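Trainee: Could we go through this structure together, one question at a time?
Mentor: Gladly, let's look at it first.

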Amino acid sequence: MGLETVMVACSHGTNNTEGRARINQLRADIAVLRPGLTVLEAYVDVQEPALPDVVAGLPEGVRAVVVPLLLTVGYHVQVDIAQAVASRPGTLAAAPLGPDPRLAGLLHERLGTLPHGWGIVLAAAGSSRPEAAEQIEVLAADLAVRRPERVLAAYGASARPSVPEAVAQLRAEGASGVAVASYLLAPGYFHDQLSLAGADAVSEPLLPSGLVAQLALEHFDAAVSRAA
């Protein structure tokens with residue numbers, strides 16, 4: 001028998017009831033795709049159980065892979081998750097869920113067909129880490145390949161332009177309407193803010209989606225392979 005390996009599916013955490021339900025469903029979807037895999041819940045903010053407590057409570061002789069249910073690298077990945085992983089031998093960190101060209105495809109589906117002459121703001125939560133913004137620019141380019149509209153990346157916090165600034169910029173450039181592509185996993189504070197940004201339409205978050213569960217498992221497997 002080899003070492004048992006469990007997934008710690010670590011989300012940001014939210015006070016939004018529907019947001020919590022969609023993240024819980026994502027964990028359930030992961031478990032359905034991989035029968036026999038133990039999928040534990042953990043959070044870096046707002047909700048319990050907190051990631052450090054989950055890692056500290058793992059039994060000896062079990063290898064854990066922390067999979068960030070987060071869409072970009074940033075403080076939570078580089079500090080919170082990295083510290084938790086470093087606190088226990090035999091614990092691994094997987095990459096966050098994005099960026100991935102398939103997520104651009106999912107954003108494209110969520111947007112649907114827009115009126116001629118509109119622009120699109122790709123709205124990410126935002127991070128003070130420059131590499132996070134670089135990843136969102138890559139995703140924006142992936143989305144732009146699929147769309148006739150101009151696509152402009154923007155952020156909910158910690159980076160510029162803000163989503164309202166990007167909406168205003170597209171209008172100033174002559175867009176007849178603006179849609180916001182929500183690069184967020186689930187409803188919550190940041191998604192609520194998108195409706196206040198002055199756009200004409202806001203897409204639904206990425207969940208529910210079987211693709212996101214598939215990505216989580218791919219990143220879990222990649223972390224295990226690297227360790228081997």
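The questions and answers below walk through some local features of this predicted model.

Trainee: Is H219 buried or exposed?
Mentor: Start by finding H219 in helix α8, which covers residues 210-227. Its relative accessible area is 17%. Buried means under 20%, so with 17% H219 counts as buried.

Trainee: Which residue offers a backbone oxygen to the side chain of H219?
Mentor: Set aside the neighbours within four places in sequence, and H219 is in contact with A94, A95, P96 and L97. One of these has its backbone oxygen 2.8 Å from the H219 side chain. A polar contact needs a pair of N or O atoms within 3.5 Å. The residue with that oxygen is P96.

Trainee: At what angle do α1 and α8 pack?
Mentor: Helix α1 spans residues 17-33, and its axis lies 9 Å from that of α8. The crossing of α1 past α8 is right-handed. The packing angle is about 65 degrees.

Trainee: How many of the residues in the contact of α1 with α8 are nonpolar?
Mentor: From α1, the contact uses L26, D29, I30 and L33, while α8 brings in V212, A213, Q214, A216 and L217. Sorting these residues gives one polar and one charged. The nonpolar ones number seven.

Trainee: What kind of aromatic pair do Y189 and F190 form?
Mentor: A pair of aromatic rings is described by the distance of the centres and the angle of the planes. For Y189 and F190 the centres are 5.6 Å apart and the planes meet at 65 degrees. An angle over 60 degrees falls in one class, so this pair is edge-to-face.

Trainee: Is Y189 buried or exposed?
Mentor: Y189 sits in helix α7, residues 189-194. Its ring partner F190 has 31% relative accessibility and counts as partly exposed. For Y189 the relative accessible area is 58%. The cut-off is over 50%, so Y189 is exposed.

Trainee: How far apart are the C-alpha atoms of Y189 and N15?
Mentor: Along the chain, Y189 and N15 are 174 residues apart. In space, the separation of their C-alpha atoms is 8.2 Å.

Trainee: Which backbone nitrogen lies 3.1 Å from a polar atom of the S209 side chain?
Mentor: S209 is in the loop between β8 and α8, and it is buried, with a relative accessible area of 11%. Not counting residues up to four places away in sequence, S209 touches L106 and R110. The nitrogen at 3.1 Å belongs to L211.

Trainee: What is omega for the peptide bond that joins L207 and P208?
Mentor: Most residues other than glycine have a negative phi, and most peptide bonds are trans. The bond between L207 and P208 is cis, and P208 is in the loop between β8 and α8. Another cis bond runs from E48 to P49. For L207 and P208, omega is about 5 degrees.

Trainee: Which residue has a positive phi although it is not a glycine?
Mentor: Look in the loop between β2 and α2, where P49 is also found. The residue has a phi of about 70 degrees. At 43% relative accessibility, this residue counts as partly exposed. The name you want is V46.

Methods:
Residues are numbered from 1 along each chain as its sequence is written. This is a predicted model: local features need pLDDT of at least 70, side-chain atom pairs count only at pLDDT 80 or more; totals for chains, interfaces and linings use all residues. Side-chain values use heavy atoms; hydrogens and water are left out. Helices (H or I, at least four residues) and strands (E, at least two) are DSSP runs, numbered from the N terminus. Buried means under 20% relative accessible area, exposed over 50%, partly exposed in between (1.4 Å probe, protein chains only). A polar contact is a pair of N or O atoms within 3.5 Å; within protein, one must be able to donate a hydrogen and the other to accept it, and residues adjacent in sequence count only if both atoms are side-chain atoms. Contact means heavy atoms within 4.5 Å. Axes are lines fitted to C-alpha atoms, for helices over the stretch in contact, and angles run from 0 to 180 degrees between N-to-C directions. A crossing is left-handed if the near helix is turned anticlockwise from the far one by less than a right angle, and right-handed if clockwise. Ala, Val, Leu, Ile, Met, Phe, Trp, Tyr, Cys and Pro count as nonpolar, Asp, Glu, Lys and Arg as charged, and the others, Gly among them, as polar. Rings of Phe, Tyr and Trp (its six-membered ring) pair if their centres lie within 6.5 Å; planes under 30 degrees apart count as stacked, over 60 as edge-to-face and the rest as tilted.
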